Amino acid sequence: MHIIEASGFTEKVFEYIPGTDILHVRIGGVNVSSTIDADLKALKLIPFKSSGVNITNLSLDITVRSTSPDNLHWDLIETTKVSFDHVKISMANSFL
């Protein structure tokens, strides 16, 4: 997968949760254009060769915690949420 362009980034939240080593991160409103080279057989018969993927209004919401005294190492905690409004997959074969 090769990302051609990522734009938007209309929402950027980086906030410490008071009294903890926990950081909440939310990045939203991202539009991603990419090229991709993927082959698979849908229903074991239909050749599926993807050539591009465009994602509209992608949002990522994560919570991380410091795992070291120097705050260089972090781990994901609880639930990571990914949402988007629209995904368009371009196929190498225009018929499909």
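## Burial and overall make-up

A residue counts as buried when its relative accessible area is under 20%. By that criterion, 23% of the 96 residues in the chain are buried. The model is a predicted one. The chain exposes about 7100 Å², and 58% of that area is supplied by carbon and sulfur atoms.

There are six strands and zero helices, so the order of elements from the N terminus reads β-β-β-β-β-β. Among contacts with a separation of 6 or more, 54% join residues that are 24 or more positions apart.

## The salt-bridge network at Arg-26

A search of the whole structure returns three salt bridges. Two of the pairs involve Arg-26: one with Glu-11 and one with Asp-61. Glu-11, Arg-26 and Asp-61 are thereby linked in a network.

In the pair of Arg-26 and Glu-11, the closest N and O atoms are 3.0 Å apart. Arg-26 belongs to strand S3 (residues 22-42) and Glu-11 to strand S2, so this salt bridge ties together parts of the chain 15 residues apart in sequence. In the pair of Asp-61 and Arg-26, the closest N and O atoms are 3.5 Å apart. Asp-61 lies in strand S4 and Arg-26 in strand S3, so here the parts tied together are 35 residues apart in sequence.

The members of the network differ in burial class. Arg-26 has a relative accessible area of 22% and is partly exposed; Glu-11, at 30%, is also partly exposed. Asp-61 has a relative accessibility of 17% and counts as buried, because the cut-off for that class is under 20%.

## The Asp-75 and Arg-65 pair

The remaining salt bridge joins the side chains of Asp-75 and Arg-65, with an N to O distance of 3.6 Å. Asp-75 is in strand S5 (residues 74-83) and Arg-65 is in strand S4, and the pair links distant parts of the chain, 10 residues apart. Both residues are partly exposed: Asp-75 has a relative accessible area of 27%, and Arg-65 has one of 35%.

## Tyr-16 and its surroundings

Arg-65 can also be placed relative to strand S2. The C-alpha atoms of Tyr-16 and Arg-65 are 9.7 Å apart in space, while the two residues are 49 residues apart in sequence. Tyr-16 is found in strand S2.

Tyr-16 is exposed, because its relative accessible area of 53% is over the 50% limit. With its neighbours within four places in sequence left aside, Tyr-16 is in contact with Ile-22, Leu-23 and Trp-74.

## Ser-59 in strand S4

Ser-59 is found in strand S4. Its relative accessible area is 7%, and Ser-59 is therefore buried.

Leaving aside neighbours within four places in sequence, Ser-59 is in contact with Arg-26, Ile-27, Gly-28, Gly-29, Lys-81, Val-82 and Ser-83. Arg-26 from this list is also a member of the salt-bridge network, and Val-82 is also part of a nonpolar surface patch.

## A nonpolar surface patch

Leu-60, Val-82, Phe-84, Val-87 and Ile-89 make a nonpolar surface patch of about 420 Å². Leu-60 is found in strand S4 and has a relative accessibility of 34%, which puts Leu-60 in the partly exposed class.

## Positive phi angles outside glycine

Phe-9 has a phi near 50°, a positive value in a residue that is not glycine. Phe-9 sits in the loop between strand S1 (2-7) and strand S2 (11-16). With a relative accessible area of 35%, Phe-9 is partly exposed.

Asn-57 is not a glycine either, yet its phi is positive, at about 55°. Asn-57 lies within strand S4 (residues 46-66). Asn-57 is partly exposed, with a relative accessible area of 29%.

How values were computed:
Residues are numbered from 1 along each chain as its sequence is written. This is a predicted model: local features need pLDDT of at least 70, side-chain atom pairs count only at pLDDT 80 or more; totals for chains, interfaces and linings use all residues. Side-chain values use heavy atoms; hydrogens and water are left out. Helices (H or I, at least four residues) and strands (E, at least two) are DSSP runs, numbered from the N terminus. Buried means under 20% relative accessible area, exposed over 50%, partly exposed in between (1.4 Å probe, protein chains only). Contact means heavy atoms within 4.5 Å. A salt bridge is a side-chain nitrogen of Lys or Arg within 4 Å of a carboxyl oxygen of Asp or Glu. Patches are made of residues with over 30% relative accessible area and no salt bridge: like charges are joined within 9 Å, nonpolar side chains (Val, Leu, Ile, Met, Phe, Trp, Tyr) within 5 Å. Accessible areas come from the Shrake-Rupley method with a 1.4 Å probe; for residues, only the protein chains shown count as cover.
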